[in-house]
Amino acid sequence: MEHHLAAARLTEAAANAVPEHGSGNLLRVILVVMILGCALTGWFLLSGYKRKDD
């Protein structure tokens, strides 16, 4: 039964550590990184289509 008490204490501590509930800054960071990653991947893939006429 101590396992459940420890889990309950950890859950309560985690709930009290976060002052506001919701997605917050983590979701914003994930979205910005995802958008930048898509843009850089597109640039990398499309840069391979350039033809060098030397």
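Helices are taken here as DSSP runs of at least four residues, numbered from the N terminus. On that basis, the predicted model contains two helices and zero strands. Helix H2 covers residues 24-47, and it is a good place to begin a tour of this protein.

The length of H2 fits what its residue count would suggest. With 1.5 Å allowed per residue, its 24 residues should span 34 Å, and the C-alpha atoms at its ends lie 35 Å apart, in agreement with that expectation. None of this helix is hidden from solvent by the cut-off used: buried means under 20% relative accessible area, and the number of H2 residues that qualify is zero, so the helix lies largely in the open. The picture extends to the whole chain, where buried residues make up 0% of the 54 residues. In total the protein exposes about 5,600 Å², of which carbon and sulfur atoms supply 66%.

Two residues of H2 help to bring its surface into view. Asn25, located in this helix, counts as exposed, with a relative accessibility of 55%. Its side chain is joined to that of Arg28 by a polar contact of 2.8 Å.

Leu27 also has its place in H2. This leucine is partly exposed, because its relative accessible area of 39% falls between the 20% and 50% limits. Leu27 belongs to a nonpolar surface patch together with Leu31, Met34 and Ile35, and the four have about 370 Å² of accessible area between them. As a general point, an α-helix has 3.6 residues a turn, so residues three or four places apart point the same way.

How values were computed. Residues are numbered from 1 along each chain as its sequence is written. This is a predicted model: local features need pLDDT of at least 70, side-chain atom pairs count only at pLDDT 80 or more; totals for chains, interfaces and linings use all residues. Side-chain values use heavy atoms; hydrogens and water are left out. Patches are made of residues with over 30% relative accessible area and no salt bridge: like charges are joined within 9 Å, nonpolar side chains (Val, Leu, Ile, Met, Phe, Trp, Tyr) within 5 Å. Accessible areas come from the Shrake-Rupley method with a 1.4 Å probe; for residues, only the protein chains shown count as cover. A salt bridge is a side-chain nitrogen of Lys or Arg within 4 Å of a carboxyl oxygen of Asp or Glu. Buried means under 20% relative accessible area, exposed over 50%, partly exposed in between (1.4 Å probe, protein chains only). The expected span of a helix is 1.5 Å times one less than its number of residues. A polar contact is a pair of N or O atoms within 3.5 Å; within protein, one must be able to donate a hydrogen and the other to accept it, and residues adjacent in sequence count only if both atoms are side-chain atoms.
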